[in-house]
Amino acid sequence: MDSALSNHIHVFQSNEPEVQVRPKQPFVIGVAGGTASGKTTVCDMIIAQLHDQRVVLVSQDSFYHVLSEEKLKQVHEYNFDHPDAFNTELLFSCMEKLKSGHAVDIPVYDYKSHKNHMEPARQVNPSDVIILEGILVLHDPRVRDLMNMKIFVDTDSDVRLARRIQRDTVERGRDIQSVLDQYAKFVKPGFDDFILPSKKHADIIIPRGGDNDVAVDLIVQHICTKLGQHDLCKIYPKVFVIHSTFQIRGMHTLIRDVKTRKHDFVFYADRLIRLVVEHGLGHLPFTEKQITTPTGSVYSGVTFFKRLCGVSIIRSGESMENALRACCKGIKIGKILIHREGNSGRQLIYEKLPADISGRHVLLLDPVLASGNSAVKAISLLISKGVPESNIIFLNLIASPEGIHVVCKKFPKLQIVTSEIDVSLNTDLHSNQHQRNQQHISCNLQQERIRITVATQKTISALNSKVPHCQINGASETQRKNEKLLVVLDAGLYWEAIRHFSEILCNRREHLKLLTIPSYEIGKLLDPAWKSKHHTFKYRNVQSNLKALTLKIQELRRRVALEEMGNVEYHALIRLRQGRWHLELGRAHLVLGLRYRPDHMVISFIINVSLLVIVILIL
Ligand SMILES: Nc1ncnc2c1ncn2[C@@H]1O[C@H](COP(=O)(O)OP(=O)(O)O)[C@@H](O)[C@H]1O
Ligand SMILES: Nc1ccn([C@@H]2O[C@H](COP(=O)(O)O)[C@@H](O)[C@H]2O)c(=O)n1
């Protein structure tokens, strides 16, 4: 160690206990690149964007060896672009101290005098983010290993030379000739021999340096995510965030982008969901197992825990079901529907859970954990059904810090697996961004359902006017039931609507009931107990040569058997375009009826025509 320099670069202990001073490790970023590539400019941009974090910048230049008077006299012969020009031992020890939460004093380098300014030295305090910048910061493996993120600023050499001439003549007291001589003799060879080869260690290469604000934005977002996750994962050891890579950040960027098209959104959301599900499965218990391979050797492995089930929080949770099914063949999936009342109130509307759920590990599915209120309601329900808290793994794509606090404080043994903790969900949980996230997550299901729901609501209100109120016990009760029914229908739970609200539904006119709630037959498959005496249409009457329709019914049966209740193309089944109403419904019914039940249809057709004639005659 240079004695002159080490006198002035010292490391000191904080007086307070370590854990109180720095409860977490700082995030260390190394920024390397050729001379005048824009390293300092990129660092300044990162620091400006990380305005709410404590960031310190350390320059490798501060660790140039102190030159003897003799060397200073021949300074134009000195190679400042060789690794040996730096006191890397001291640099390493300072960075190590900073990383472990200790403050250090570092001198400020003066390029005009080629000296480290001893007085005053710069005190660098431990911070959330430490950026180490310099031409050769990626050269030494020990220094590299201290870094959480390694960046290489890659700028064209002609541009760098031009900048260097300008900068060194204006700011560093050099003339053009000396800059060019130094460049040819030391700077360029140093770049080729040491700086450029260190590029391979970089995690991120930024072409065009400070001009590349997209790269800087991505880096800042990544750092913010890491910083947010550090805190929460430390406070709550049962919170697991899947390892963030630029692939994952890229997918998150896409699913948040308002310009992303629906099918791209679904594709990337599905990819992320799959990663979360796979990660979540890794948190399940296992038992050790030895097997014999085809070559006769014994392999000591593990076997998965088999008593599992999924539970999705309707509606967005359903968008995670396919990923779970793809990973766990034949897994049972239950459902919980929670209705929001005001900002914090939640009402449980509907639940369908495996009867033996108390003996299973439960993967609770909801892509967005925002306020945590719905999650708390759903988890409380699972616990009331006998599921131990520690047997629940809550899987989501995006979690807000607030949601994590709410859930983890109430259920400290429950595990949360998420792909990202998003602080922006905190600021306004009911903001447009949040709503967009929610809509995005479930858009593939929702768009379908909204159309069906609007149509169904119209039908229900149209039908209500036709149902004599005396058939139901009291108008207010009817209203309440209708309201509940609409929520259930809104969730696409048609068979459940039929099962629980049969007294409202069974008095509807036949064809409208059939056409607006075509899942009736599926409901029957699920629960043969419900029967309507008014109902006449039977899909089993469909002629066997109508292959397409038969295949569709088989497909529906298969999906019902798998308990896959969402996303069924009901309209396609009845050959009706979605979003169409009265006329097309009537026409579709007439066509279907005439084809499959001509006897019935002809009679009702005659009755209708007769009624029409009577009305015309009266008028
Ligand atoms: N994108 C840019 N466009 C124009 N000039 C730039 C740009 N980035 C940096 N510079 C200039 O180039 C010189 C070197 O930039 P700097 O960020 O200090 O590079 P380094 O830290 O890699 O030596 C400075 O004078 C700076 O103002
Ligand atoms: N006394 C010195 C020390 C260093 N240099 C040159 O500075 C370059 C590194 O600084 P950047 O800001 O350009 O990254 C390096 O290439 C050295 O040649 C110097 O000229 N004099």
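This passage looks at a ligand shell, a loop glycine and a pair of helices in a predicted model.

The surroundings of ligand 1 come first. There are 13 residues around ligand 1, and Gly38, Lys39, Thr40, Thr41 and Arg163 come nearest. Two elements, α3 (39-49) and α7, each give two or more residues to this shell. The biggest share comes from α3, with three residues. By class, the shell around ligand 1 leans polar: eight of its residues are polar and four are charged, leaving one nonpolar.

Gly210 sits in the loop that runs between β8 (204-207) and α9 (213-235). Once its neighbours within four places in sequence are set aside, Gly210 touches Gly38, Thr41, Val42 and Met45. Two of these contacts, Gly38 and Thr41, turn up again among the residues that come nearest to ligand 1. As for Val42, 168 residues separate it from Gly210 in sequence, yet the two C-alpha atoms are 5.1 Å apart in space. With 19 other C-beta atoms within 10 Å, Gly210 counts as partly exposed, because a residue is called buried at 20 or more.

Then there is the helix pair. Helix α7 (residues 157-170) and helix α8 (residues 176-198) have axes that come within 9 Å and cross at roughly 135°, so the two helices are oblique to each other. Their crossing is right-handed. On the α7 side, the contact is made by Leu161, Arg164, Ile165, Asp168 and Thr169, while α8 brings in Ile176, Val179 and Tyr183. Sorted by class, that makes five nonpolar residues, two charged and one polar.

Notes:
Residues numbered from 1 in each chain as written. Chains lettered and ligands numbered in written order. Predicted model: local features only at pLDDT ≥ 70, side-chain atom pairs only at ≥ 80, totals over all residues. Helix = DSSP H or I, 4+ residues; strand = E, 2+ residues; numbered from the N terminus. Buried ≥ 20, exposed ≤ 12 C-beta atoms within 10 Å, placed from the backbone. Contact = placed C-beta atoms within 7 Å. Axes fitted to C-alpha atoms, helices over the stretch in contact; angles between N-to-C directions. Parallel < 35°, antiparallel > 145°, perpendicular 65-115°, else oblique. Left-handed = near helix turned anticlockwise from the far one by under 90°. Nonpolar A, V, L, I, M, F, W, Y, C, P; charged D, E, K, R; others polar. Near = placed C-beta within 6 Å.
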